[in-house]
Amino acid sequence: MTTDAIQIAGVDKVYPGANPVTALQGIDLDIADGEFAALLGPSGCGKSTLLNLLAGFEATTAGDLKVYGAPVTRPGPDRAVVFQEAALFPWLNVWENVVFGPKVQGVPADQYETKARETLKLVGLENFSEHLPVQLSGGMRQRVGIARVLVMEPKLLLMDEPFGALDAQTRLTMQQLLLEVWQALKKTVVFVTHDIDEAILLADTIYVMSARPGRIATRIPVDLPRPRTLDTLTDAHFNEMKKRIMHEMRGH
Amino acid sequence: MTKLSSGQRGKRMVLALVLPVVFLIAWEVLGRFNLLVDGLIPTPTAVLQAWWVWIAGAGGLSLNPYSGTWAINLWYSLERVGQGYLLAIVLGVPLGVLIGWSRIAAQMVDPSIQWLRPIPITAWLPFSIALFGIKDFGAIFLIALGAFYPIVVNTTQGARDVDKNLVRAARMMGAGGGALLRRVILPAALPSVFTGLRIGLGIAWTAVIVAEMVAVKSGLGYVLWDAYYVGRMDVVIADMISIGLMGYLSDRLIVLIENRALTWRRLQSY
């Protein structure tokens with residue numbers, strides 16, 4: 001963890017209008033290469049906005065925002081995004097959704113097909129390639145959402161409350177899956193969530209955000225050992241951390 | 001989309017047929033007793049006979065100008081509708097996608113379409129004849145113009161309503177302008193496109209009949225007006241039914257294609 005994956009300095013985001021809304025104010029954030037960072041906060045704290053800025057979906061109002069040294073100007077496959085509602089193309093089957101990225105980038109089929117098959121297997125969907133998204137459960141759809149970005153081998157993974165729409169049981173399964181995937185691939189991840197348990201379980205570092213205007217309130221390193229599993233959730237140390245974070249969040 | 005049992009299906013069929021059958025019987029009986037406007041309106045059986053001669057010919061030497069000309073006139077109309085409709089699709093769908101997607105395209109093209117649209121295609125008839133003469137293209141022009149409006153308007157709407165996250169996802173995966181329009185905007189807009197296609201097809205049939213009545217010397221529309229002039233109401237009615245049948249069958253064809261193209265959509269509505 002030497003080079004910085006993400007460097008954010010003095011970033012503001014203001015939505016203009018009759019009553020301008022300051023979504024983010026004075027954001028300073030450095031995320032190391034290979035770090036799993038969680039942006040934790042209540043709704044309206046601007047955590048999704050920050051993710052959209054990193055993705056290049058929206059432009060900053062002020063400040064510097066760099067990903068691997070390059071200023072972000074537009075969306076691109078180097079900054080893969082996993083959306084809350086998966087955002088799969090409903091007219092494409094699982095396989096076509098997964099190979100969409102390499103295909104539109106003009107990568108020859110023989111160069112991505114093996115990788116795509118491996119990735120489908122990694123997320124446990126190797127027997128569902130012909131299914132349409134509508135025929136899948138929410139959890140399975142999100143597995144496709146993860147597979148289609150892993151296929152592109154991005155350096156940075158941006159996840160916007162990816163398990164927020166799932167039921168509690170499925171969410172646990174997906175967290176387990178993400179832990180395994182991350183353990184295997186060690187990508188830099190920025191993970192937006194409002195779930196404290198989820199943030200502690202997954203992240204190396206938690207950035208607690210506060211609302212109106214959106215700011216980063218605290219940086220909390222999570223020193224739970226890896227590899228982690230769902231058992232970590234019942235660990236004594238886990239509960240101590242949770243207590244501390246809840247205290248922090250109430251303080252702001 | 002619930003499946004009906006064969007019993008329910010049969011019951012529906014019977015209910016649907018009650019009105020037409022009663023109507024036909026009443027028509028026939030009234031006609032037999034000469035109660036239909038001084039014999040001006042022929043009975044259903046007379047219509048069927050005239051239709052049969054129109055289709056198969058009278059046999060032997062006949063002075064009936066309509067004898068055996070049904071298929072060729074049907075073909076003329078069908079060909080014109082096909083050509084005009086295809087032209088409307090080829091122009092309307094890509095333009096609609098573009099207008100729906102690009103604000104600049106919308107601001108440049110959309111107002112012109114909205115200003116031209118209130119002119120009914122029937123009002124274009126003299127202009128079309130003046131420009132293209134009594135020729136096929138006059139009819140094709142009217143059909144294309146008439147079908148173009150609903151196709152372009154509905155495609156625009158569909159392209160405008162595409163889920164923002166789908167566009168973001170595609171751009172995140174590296175899709176540029178062309179790939180985005182072709183692989184995301186167009187398929188996402190397809191349900192609306194098909195709505196436009198079905199409305200456009202109805203207008204295309206209206207346009208071909210009007211154009212053939214006035215601007216061309218062949219086709220179902222031409223026969224319709226010609227038969228009226230010589231007092232052949234039996235042929236007029238057979239012609240009307242032929243047009244209706246063609247409209248119905250071509251609409252079914254579009255629905256069939258739609259169901260194939262939009263399997264994902266049908267599954268979603270379960």
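Biologist: How many residues does each chain give to the contact between chain B and chain A?
Modeller: This is a predicted model, and the contact is counted from its coordinates. Two residues count as touching when their C-beta atoms lie within 7 Å. On that basis, the contact takes 21 residues from chain A and 16 residues from chain B.

Biologist: Which element gives the largest share of the side of chain B that touches chain A?
Modeller: Elements that give two or more residues to this side are α7 (164–172), α8 (177–214) and α11 (263–268) of chain B. By class, the side has ten nonpolar, three polar and three charged residues. The largest share is six residues, and the element that gives it is α7(B).

Biologist: What is the strand order of the open sheet in chain A?
Modeller: Strand β1 (residues 4–15) of chain A pairs with strand β4 (residues 62–67) of chain A over five bridges, in the antiparallel sense. Eight bridges join β1(A) to β2(A), and these two also run antiparallel. The open sheet has four strands, in the order β2-β1-β4-β5.

Biologist: Why is one side of β2 and of β5 of chain A left without a neighbour in the sheet?
Modeller: The order of the sheet is β2-β1-β4-β5. Strands β2 (21–32) and β5 (70–71) of chain A therefore stand at the edges, and each has a single partner strand.

Biologist: Which residue in the turn between β1(A) and β2(A) has a positive phi?
Modeller: The two strands form a hairpin, with five residues between them. Within the paired strands, A:Gln7 stands opposite A:Asp30 in β2(A). In the turn, the residue with a positive phi, of about 150°, is A:Gly17.

Biologist: Is α3(B) roughly parallel or roughly antiparallel to α6(B)?
Modeller: Helix α3 (residues 70–101) and helix α6 (residues 136–160) of chain B pack with their axes 6 Å apart, at an angle of about 30°. Angles under 35 degrees count as roughly parallel. So α3(B) and α6(B) are roughly parallel.

Biologist: Which classes of residue make up the contact of α3(B) with α6(B)?
Modeller: The crossing of these two helices is right-handed. Their contact has three charged, nine polar and 20 nonpolar residues.

Biologist: Is B:Val81 buried or exposed?
Modeller: B:Val81 lies in helix α3 of chain B. Leaving out residues up to four places away in sequence, B:Val81 touches B:Ile143, B:Ala204, B:Trp205 and B:Val208. A residue is buried if 20 or more other C-beta atoms lie within 10 Å of its own. B:Val81 has 25 such atoms within 10 Å, so B:Val81 is buried.

Conventions:
Residues numbered from 1 in each chain as written. Chains lettered and ligands numbered in written order. Predicted model: local features only at pLDDT ≥ 70, side-chain atom pairs only at ≥ 80, totals over all residues. Pairing = 2+ DSSP bridges. Axes fitted to C-alpha atoms, helices over the stretch in contact; angles between N-to-C directions. Parallel < 35°, antiparallel > 145°, perpendicular 65-115°, else oblique. Left-handed = near helix turned anticlockwise from the far one by under 90°. Nonpolar A, V, L, I, M, F, W, Y, C, P; charged D, E, K, R; others polar. Buried ≥ 20, exposed ≤ 12 C-beta atoms within 10 Å, placed from the backbone.
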